[in-house]
Amino acid sequence: MVKLFQPKSGKNNKGARGFKGSQNSSKFSPNNSLMNVTTTELTIQNQVKLDDHSNVFVKGALPGERINALILDSGKNSSTAVATKILKASESRIDAHCQYALGHPKITHTEHACGGCVLGFTSDEILLTLKQKALCEAMQRVFGERYNDKVWAEPITSPIQYRRKIRLAIDARNPKQSKVGFRHLNGKNVLPINQCEVCEPPLQKVLSGLSACVSDWHWLKSIGHISLLQTHSGGAVGFHATGSLGQAALNAIHVFGDTHQCMVLVNDKGAGHLPQWQSTQSYGQLSEGKWVTPELYLATIDDDLYPITMEDFI
């Protein structure tokens, strides 16, 4: 029996009710508990459905497991939950390799787990099979009889360090203890990290550099998030400002780029007194005294180049 999460006592958990797996309630409120329920198939959102509650989608579990779960959020037609205890584990469940990931032996509570990778507790081969099945079922629902599962090519496998873009959250409410990292799996708090096992090596160096600098960047309260993108020509770091940045902040950003040999970009809200761009989401850099939007390209496995932007989901 694997224990993953124990809700803290307090006003947010008072009166939490427990539901047996045999009940088929269509509506739950946050902090309701689901007891001894069985998971079914994986969805394309990397969550599993429940056998008796088809409108509840659970993080932190694999198909075919018997679990206890806690409702995190409830909408009009569905609810999101997180596995709090694995009563009967799947044979495909393994210990996660990443020290921050759910399923690692050191992570005993989902509120401590990183929300970047939610299925690190199964092998790459099993995960590929589960995701392919989830995608096929989603396509079947969309296209019905027109769907032909014979159209799929063999999946393209990749090394563990495959991720070419990551988006980092920021918590700068206390300037002396600013945090840059990923959101927790079970909430909105930021988990500060200085390494990510799945991002490409050049981005890993940039991430480590950011972690070392944030304590000196008191202007981080004006940054909404930071994006790291590995392009064809090298790494790019996008600072998404929520307001005009001062000259000291812009200087620090460019020093960071020079130090870590990466392209540094700021969206036009951060440019302040500099000429505004057509798009409020555009990112640019200072070049020969002018603020310009650079051309970014991504290379495919066939070495074709495709234009991309910092806003693209890679």
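## Exercises on a predicted model

A search of the whole structure finds four salt bridges, a salt bridge being a side-chain nitrogen of Lys or Arg within 4 Å of a carboxyl oxygen of Asp or Glu. The model is predicted, so that local features need pLDDT of at least 70 and side-chain atom pairs count only at pLDDT 80 or more, while totals for chains, interfaces and linings use all residues. Residues are numbered from 1 along each chain as its sequence is written, and side-chain values use heavy atoms, with hydrogens and water left out.

**Exercise 1.** Describe the salt bridge of Arg 93 with Glu 65, and state which parts of the chain the pair links.

*Solution.* Begin with the distance: the closest N and O atoms of Arg 93 and Glu 65 are 2.8 Å apart. Next, place the two residues, using helices (H or I, at least four residues) and strands (E, at least two) that are DSSP runs numbered from the N terminus. Arg 93 lies in the loop between strand S7 (79–88) and H1, and Glu 65 in the loop between strand S5 (56–59) and strand S6 (66–74), so the pair links distant parts of the chain, 28 residues apart. Then turn to accessibility, where buried means under 20% relative accessible area, exposed over 50% and partly exposed in between (1.4 Å probe, protein chains only); both Arg 93 and Glu 65 are buried. Finally, Arg 93 also lies over the face of Phe 121, at 4.3 Å from the ring centre, where the criterion is NZ of Lys or CZ of Arg within 6 Å of the ring centre and within 35 degrees of the ring normal.

**Exercise 2.** Are Glu 137, Lys 133, Asp 171 and Arg 173 buried, partly exposed or exposed?

*Solution.* Take first the salt bridge of Glu 137 with Lys 133, whose closest N and O atoms are 2.6 Å apart. Both residues lie in helix H1, four residues apart, which is about one turn of the helix. Glu 137 is partly exposed because its relative accessible area is 25%, and Lys 133, at 43%, likewise counts as partly exposed. Take next the salt bridge of Asp 171 with Arg 173, with the closest N and O atoms 2.8 Å apart. Here Asp 171 is buried, with a relative accessible area of 13%, whereas Arg 173 counts as exposed at 71%.

**Exercise 3.** Characterise the aromatic pair of Trp 217 and Phe 239, and state which aromatic cluster holds these residues.

*Solution.* Rings of Phe, Tyr and Trp (its six-membered ring) pair if their centres lie within 6.5 Å, and planes under 30 degrees apart count as stacked, over 60 as edge-to-face and the rest as tilted. The whole structure holds four aromatic pairs. One of them joins Trp 217 and Phe 239, at 6.0 Å centre to centre with 65° between the planes, and is edge-to-face. Trp 217 lies in the loop between helix H2 (201–213) and strand S11 (223–231) and Phe 239 in strand S12 (residues 234–241), so the pair ties together parts that are 22 residues apart in sequence. Both residues are buried, and Trp 217, Trp 219, Phe 239 and Phe 256 form one aromatic cluster.
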